[in-house]
Amino acid sequence: MACGGYCDGFAVAGEWFKEIIGWKFLDMTHLYKPLNEPPHMSHYYSEEPNVPLRTKTIDVCIRGQCFKFITASGVFSFGKLDRGTELLIESMILDGNWRVLDLGCGYGAIGIVTSRFVDYVVMTDVNRRAVSIARKNLKINGVRNAEVRWGSLYEPVRGEKFDTIITNPPVHAGKEVLREIVINAPRHLNDGGLLQLVIKTKQGAKYIKALMNDHFTEVRELAKGSGYRVYAGIA
């Protein structure tokens, strides 16, 4: 598969992960403060968003490739590619032979971009509207090496393993959801596989990095900017 320098990500990862990070796990839960919102409100991480459906199509060029995405109300980042996802896509490590999980895919930007550089992508989301929109985006971008599944977190991929899991986690869903994503990732990764995620610097980054250090062999910061950090943990 022709994907230039991005397909030798495994070799790059080897260089980044050579040095053992000797951090001890710290209890930093007090640094993470999710927003308190009324329980009746609809969120992009709800199974059935209760906001009226509106759509907007956007054009995105990133990592040397151009895409067209349908975005929708009730699905994360309506009408745009948010900066956190953009930073994650720009810096994520990929390899042409990899099988990838896009966890919490939203309208599908991460998984669809990834599909251009890897063997196969499984995309999942608990939001039924997101699943529907992501499937449409697969079609309009001509993607044949990816699929979208509905379900919460790792339920749609029970018993399956991947070379990397990539996610822009739903921070507002709460600390327990973030914790489940991190601590359950290793059981869905092949030996040496990577969990790659983006998180806001001031909204959980220290907590997430400490948690990753406790459950992964090594953790590296791949990128930072615009108030976000991208971390990779090697299983």
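Here is a walk through this structure, from the whole chain down to a few single residues.

Keep in mind as you look around that this is a predicted model. The protein chain holds six helices and nine strands. It has 235 residues, and 54% of them count as buried. From the outside, the accessible surface comes to about 11,100 Å², with 50% of that belonging to carbon and sulfur atoms. What about contacts along the chain? Take those between residues at least 6 apart in sequence: 67% of them join residues at least 24 apart.

A good place to start is the sheet. Seven strands make it up, and if you step across it you meet them in the order S5-S4-S3-S6-S7-S9-S8. The sheet is open, and its pairing is mixed. At the edges sit strand S5 (146-150) and S8, each of which pairs on one side only. On average, neighbouring strands in this sheet are turned by 15 degrees against each other, direction ignored.

Now zoom in on one pair from that sheet. S6 and S7 run in the parallel sense and share five bridges. To spot one of the partnerships, find Thr164: its bridge partner in S7 is Leu194. A helix packs on the sheet too, namely H6 (residues 205-215), which touches S7, S8 and S9. The direction of H6 makes about 5 degrees with that of S9.

Next comes helix H2, which spans residues 83-91. Which of its residues are buried? They are Gly84, Thr85, Leu87, Leu88, Ile89 and Ser91. Several elements help cover them, including strand S1 (55-62), helix H3 (109-115) and strand S6 (162-167). Strands S7 (189-200), S8 (218-225) and S9 (228-234) are also among the cover. Look at the start of H2 as well: there, a side-chain oxygen of Asp82 comes to within 3.2 Å of the backbone nitrogen of Gly84.

Finally, two spots in the loops deserve a glance. As a rule, most residues other than glycine have a negative phi. Ser77 is not a glycine, yet its phi is positive, at about 65 degrees. You'll find Ser77 in the loop between strand S2 (65-72) and H2. Is Ser77 buried or exposed? With a relative accessible area of 9%, Ser77 is buried, because the cut-off for that is under 20%.

Leu153 is the other one: its phi is near 45 degrees, again positive in a residue other than glycine. Leu153 lies in the loop between S5 and S6. Its relative accessible area is 25%, so Leu153 is partly exposed.

Terms used: Residues are numbered from 1 along each chain as its sequence is written. This is a predicted model: local features need pLDDT of at least 70, side-chain atom pairs count only at pLDDT 80 or more; totals for chains, interfaces and linings use all residues. Side-chain values use heavy atoms; hydrogens and water are left out. Buried means under 20% relative accessible area, exposed over 50%, partly exposed in between (1.4 Å probe, protein chains only). Helices (H or I, at least four residues) and strands (E, at least two) are DSSP runs, numbered from the N terminus. Contact means heavy atoms within 4.5 Å. A polar contact is a pair of N or O atoms within 3.5 Å; within protein, one must be able to donate a hydrogen and the other to accept it, and residues adjacent in sequence count only if both atoms are side-chain atoms. Two strands pair if DSSP finds at least two bridges between them. Axes are lines fitted to C-alpha atoms, for helices over the stretch in contact, and angles run from 0 to 180 degrees between N-to-C directions. Accessible areas come from the Shrake-Rupley method with a 1.4 Å probe; for residues, only the protein chains shown count as cover.
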